[in-house]
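Hi everyone, thanks for making time for this. I have a structure to walk you through, so let me put it on the screen.

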Amino acid sequence: MASSDVARQLDKGARPLSLAGHVGFDSLPDQLVNKSISQGFCFNILCIGETGIGKSTLMDTLFNTNFENFESSHFEPQVKLRAQTYDLQESNVRLRLTVVNTVGFGDQMNKQESYQPVVDYIDKQFETYLQEELKIKRSLHNYHDSRVHACLYFISPSGHSLKSLDLVTMKKLDSKVNIIPVIAKADTISKSELHKFKIKIMSELVSNGVQIYQFPLDDETVAKVNTTMNGHLPFAVVGSTEEVCVGNKMVKARQYPWGVVQVENEHHCDFVKLREMLICVNMEDLREQTHTRHYELYRRCKLEEMGFKDTDPECKPVSLQQTYEVKRQEFLAELQKREDEMRQVFVQRVKEKEAELKEAERQLQGRFEQLKSRHAEEKAALEEKKRLLDNDLTSFGNRKTAAALLQPPGFTVNGKKDKDRKKWVKLFCLCFTAQHSSALMANFELFFFFILIHLFYSVFQFWLHVKT
Amino acid sequence: LSSGSEVSLSHSNMSESAKPHHPSPQGKGEKSHGGDFSYVGIDAILEQMRRKAMKQGFELNLMVVGQSGLGKSTLMNTLFKSKVSRNKSVQSNPEERIPKTVEIKSISHDIEEKGVRMKLTVIDTPGFGDQINNENCWQPIMKFINDQYEAYLQEEININRKKRIPDSRVHCCIYFIPPTGHCLRPLDVEFMRRLSKVVNIVPVIAKADTLTLEERDSFKQTIREELRANGIDVYPQKEFDEDAEDRMINDKIREMIPFAVVGSDQEYQVNGKRLLGRKTKWGTIEVENIAHCEFAYLRDLLIRTHMQNIKDITGSIHYETYRVRRLNESNGHLESLLGSLPVKRATVFW
């Protein structure tokens, strides 16, 4: 049972106490770490740099995986951001890594608005987190934190100084995110040039008031390392996922006719330093800085913009709740007013429409009346015609009966017609008998011939009788 | 921990050991070479996290509730192996000793063990259950707990808020059940029912050296059944179990609650060793001997294994419930109040 030493004071108002034996709460950090392991970690990196400067390759090299990136075109009309999330795991630690790349940065002719999409993206992530935090029913411990924790700014290896686009962009971002500038494609610069370049960059950043991320010096275990690293900023990096055989090992390197640039060789480039600083030593600090400094600043500005204050004009602390409530009432009142206005407009429109419809109905009615009268007229005209016709008919009938009285029996009023018919019959008989007589030559047949004539004559008489 | 594991792009579950072996602090030249090119260093974040936690220190707020004379202060002293609560026997006047209403006394201590610093706050409730008429004696306690939540909420919704909001919320409430051996009293049931909804309650049977083992087991059985019958969910709550492994561990604990504890801050010589215990004519009760009483289980649960979990449940579940209720009711409250006032200036004092 080890006895413990006198405790340091955590804050005022608590008296230090010495323990007489082993209590066991030294396992607290382990319990905390265990919980974090089961929850998993979250890390978001934003890479800003011109197209083709090697952002995706560096990410691949840094995390030792292939993130399946494709080359972007140089003809993007605007800067866009592309975010991809990956789940990585190393031993028992799970990391949810989000890599955000700028697409088309520095390609446009007019680069004045190039920084804006980046700033908007960062603000949007803060905004979503703020919204989640302000919700009534929230789940912060399950929340996937998408706020940008580190921003790698890729400086092109011109060897002279920073471009004005770089300065402007970094100035806009330094209060929103932890900026870590890196010199990309460092294998195009020689060592002496690199040294001068780094000094020039740092002095330009300082003279322009750009606050880049400084590795923290307050923890003794890492203060020494961090101080040294702070002096090596910005890191000159080379990225490569291809392996080359050097000596008897396979190393990640870039092969040139004049030699091989080894990525993980500290004499060749600062890649190892970057990886160590970014991941192994300061990842937690980056996350903490993002949350306690950048996010708080954003939150403060946003809430003040919305009109909330911590103290009202009499310097009495005003609770956020009250101001929120007041605002909510104002908003509701305005909503109500707008609703009333809309309702009035609606009523107005309905009235107008109603009037229109009534007018149309009236017109239709008029036309209908017109049609009806016209029909009546036509009907009257037709009736008149019908009456005339009827008159004609009756007069004709009268004439017909009168004519029938004047004609002999057997002859109908239509005597002409009958006469014609009789003529034809006579002709038919004569022909028939003539035919038969020509066929009959003997006396015997003469007898039959006369019988035929008699037959025909009686038929004819009968037919005439029927006719009358 | 440079075991050369590859970084794998996957969505699979990983198996975790119960206690991680933390890597030694990564020095500058320690790992980056050595021919291991697949090592990225993501697991170094555990070490960073540990460092940060050690630097910040921890906070724990424990509340003890029970009738006077049940050994609350002694148990606190035994748990933390120091004079956490002042001994009450110095007060001579018996009338002075028992307060008229339930008081809330909160004392903070800074303790440290192996580099881990903790601010321990013990909240005592003298006067609970001591009056003749004990109706509503839980009210001051409820109010205190809700006040702590309120203070935290106010800090949290400030515009300019502190980097680290001081956490005074009650993490755990230890409720002392007198060892009658029969069943829970109406006061116990009522208190636990109301408070189990706002705070983690750990019931313990106080002065368990008056019960034999069989009596103890049957008493525990009765208590567990009564808790279940009344719908009282004590810590570890069934509904907050995260996964099967959690449930298994917590089920074992749930079979043992309430813990039958004996407290003592005096050491006696037993078998050549100096142990905490109570010396009587018929033997010495060893506090940390699990054959004698279950103090060790309580200590392990509270401190060694579930402390972080207790704090998490307080922070993410009880506090959030309070916050939801509070924000919802303030909407309704203000709406009725502001209905008659002009909207521009409305100062409502809580």
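Start in chain A, in the loop between helix H6, residues 220-232, and strand S7, residues 235-236: that is where you find A:Pro234. Have a look at the peptide bond leading into this proline from A:Leu233, because it is cis, with omega near -10°. Please keep in mind that this is a predicted model.

Chain B has a cis bond to show you as well. There, the peptide bond runs from B:Tyr235 to B:Pro236, and omega is near -5°. And where does B:Pro236 lie? You will find B:Pro236 in the loop that links helix H6 (213-229) to helix H7 (244-254) of chain B.

Staying with the backbone, let's turn to phi angles. A:Lys185 has phi near 50°, a positive value in a residue that is not glycine. To find A:Lys185, go to chain A and follow the loop between strand S6 (179-183) and helix H5 (191-207). Is A:Lys185 buried, exposed or partly exposed? With a relative accessible area of 41%, A:Lys185 is partly exposed.

In chain B, the lysine to look at is B:Lys114, a non-glycine residue whose phi is positive, near 50°. B:Lys114 sits in the loop between strand S3 (105-113) and strand S4 (116-124) of chain B. Its relative accessibility is 59%, and the cut-off for exposed is over 50%, so B:Lys114 counts as exposed.

Now for a buried residue. Back in chain A, helix H7 covers residues 271-281, and A:Glu276 is part of that helix. The relative accessible area of A:Glu276 is 6%; buried means under 20%, so this glutamate is buried. Try picking out A:Leu62 on the screen too: A:Leu62 and A:Glu276 are 214 residues apart along the chain, and their C-alpha atoms are separated by 9.9 Å.

Last stop, a sheet in chain B. Which order do its strands take? The sheet is open, has three strands in the order S8-S9-S10, and the pairing is antiparallel. Strand S8 (267-270) and strand S10 (283-286) are the edge strands, each pairing on one side only. On average, neighbouring strands in this sheet are turned by 70° against each other, ignoring direction.

Let's zoom in on one pair. Strand S9, residues 273-280, pairs with S10 of chain B over four bridges, in the antiparallel sense. For one residue to click on, take B:Thr280, whose bridge partner in S10 of chain B is B:Gly283.

That's my tour, and I'm happy to take questions!

Notes: Residues are numbered from 1 along each chain as its sequence is written. Chains are lettered from A and ligands numbered from 1 in the order in which they are written. This is a predicted model: local features need pLDDT of at least 70, side-chain atom pairs count only at pLDDT 80 or more; totals for chains, interfaces and linings use all residues. Side-chain values use heavy atoms; hydrogens and water are left out. Two strands pair if DSSP finds at least two bridges between them. Helices (H or I, at least four residues) and strands (E, at least two) are DSSP runs, numbered from the N terminus. Axes are lines fitted to C-alpha atoms, for helices over the stretch in contact, and angles run from 0 to 180 degrees between N-to-C directions. Buried means under 20% relative accessible area, exposed over 50%, partly exposed in between (1.4 Å probe, protein chains only).
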